[in-house]
Amino acid sequence: MAKRDDTVFEDETRPVAERAKALLEAVDGRKELKRLGAWLQAQPEALRAAVRDEGNRRGADLPGDAVDWPGKKLLRRALAREEAARVRTNPIARDEDFTCEYCGREVTQAVSTARDHCPYCLCSKHVDVVPGDRAESCHGQLKPVEVYTKDGRWMIRYRCARCGAERHNKALLDVDPPDDWDLLVELSAKEGR
Ligand SMILES: [Zn+2]
Ligand SMILES: [Zn+2]
């Protein structure tokens with residue numbers, strides 16, 4: 001199936017960078033990944049290093065010692081960034097400590113769920129396309145504009161101060177610390193505006 005490309009990456013008279021590029025393009029589905037990974041593993045380090053570098057050029061973020069990885073893993077990871085960009089539609093649960101950029105308070109992890117906004121001022125930041133992916137380049141302040149209930153849950157509607165995008169996050173009440181109750185109540189009075 002990839003016979004046409006095989007001649008390029010197998011051709012030892014060509015530069016390794018060109019062969020690495022052809023090899024990554026030849027990887028087509030799991031079967032090819034396994035076969036070409038086994039082939040790559042038997043090749044000199046220069047070609048494996050070129051595959052690593054080509055992967056990094058495409059945004060894969062491979063470490064220096066990736067040349068010592070099994071060939072299949074090296075190929076799969078070298079292509080990981082493109083694959084992730086293509087198939088990512090599900091949220092990533094990202095729960096981290098952070099310092100709120102808007103009120104300056106230290107915020108701890110929610111632990112049982114992902115903390116996606118500050119519990120003290122309720123502000124968030126426009127950094128995700130899909131929750132947790134950090135793929136949004138806007139980075140504007142998401143300001144809470146309204147609190148409402150949906151299916152028995154308290155939800156916060158946000159509007160980005162920079163681009164105007166709207167986001168809806170769950171209010172976090174059963175975590176430590178919980179969202180500021182007085183602020184939630186104040187914003188819920190604006191419901192239906
Ligand atoms: Zn805050
Ligand atoms: Zn924005």
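The following passage describes a four-stranded sheet and two helices in a predicted model.

The sheet is open, and its four strands are arranged in the order E3-E4-E5-E6 with antiparallel pairing. Strand E3, which covers residues 124-125, and strand E6, which covers residues 166-170, form the edges, each of them pairing on one side only. In general, the strands of a sheet pair through backbone hydrogen bonds, in either a parallel or an antiparallel manner. Strand E4, spanning residues 141-150, runs antiparallel to strand E5, spanning residues 153-160, and the two are joined by eight bridges; Lys143, for instance, has Arg159 of E5 as its bridge partner.

Helix H7, formed by residues 181-188, lies across both E4 and E5, and runs at about 75° to E4. Tyr148 is located in strand E4, and its C-alpha atom is separated by 5.9 Å from that of Ser188, although the two residues are 40 residues apart along the chain. Because 16 other C-beta atoms lie within 10 Å, a count between the limits of 12 or fewer for an exposed residue and 20 or more for a buried one, Tyr148 is classed as partly exposed.

Helix H4 comprises the 13 residues 45-57, for which a span of 18 Å is expected at 1.5 Å a residue, and the 18 Å that separates its end C-alpha atoms agrees with this value. Within H4, the buried residues are Arg48, Ala50, Val51, Arg52, Glu54 and Gly55. The helix is followed by Gly59, the phi of which is positive, near 95°.

Methods. Residues are numbered from 1 along each chain as its sequence is written. Chains are lettered from A and ligands numbered from 1 in the order in which they are written. This is a predicted model: local features need pLDDT of at least 70, side-chain atom pairs count only at pLDDT 80 or more; totals for chains, interfaces and linings use all residues. Two strands pair if DSSP finds at least two bridges between them. Two residues are in contact if their C-beta atoms, placed from the backbone, lie within 7 Å. Axes are lines fitted to C-alpha atoms, for helices over the stretch in contact, and angles run from 0 to 180 degrees between N-to-C directions. The expected span of a helix is 1.5 Å times one less than its number of residues.
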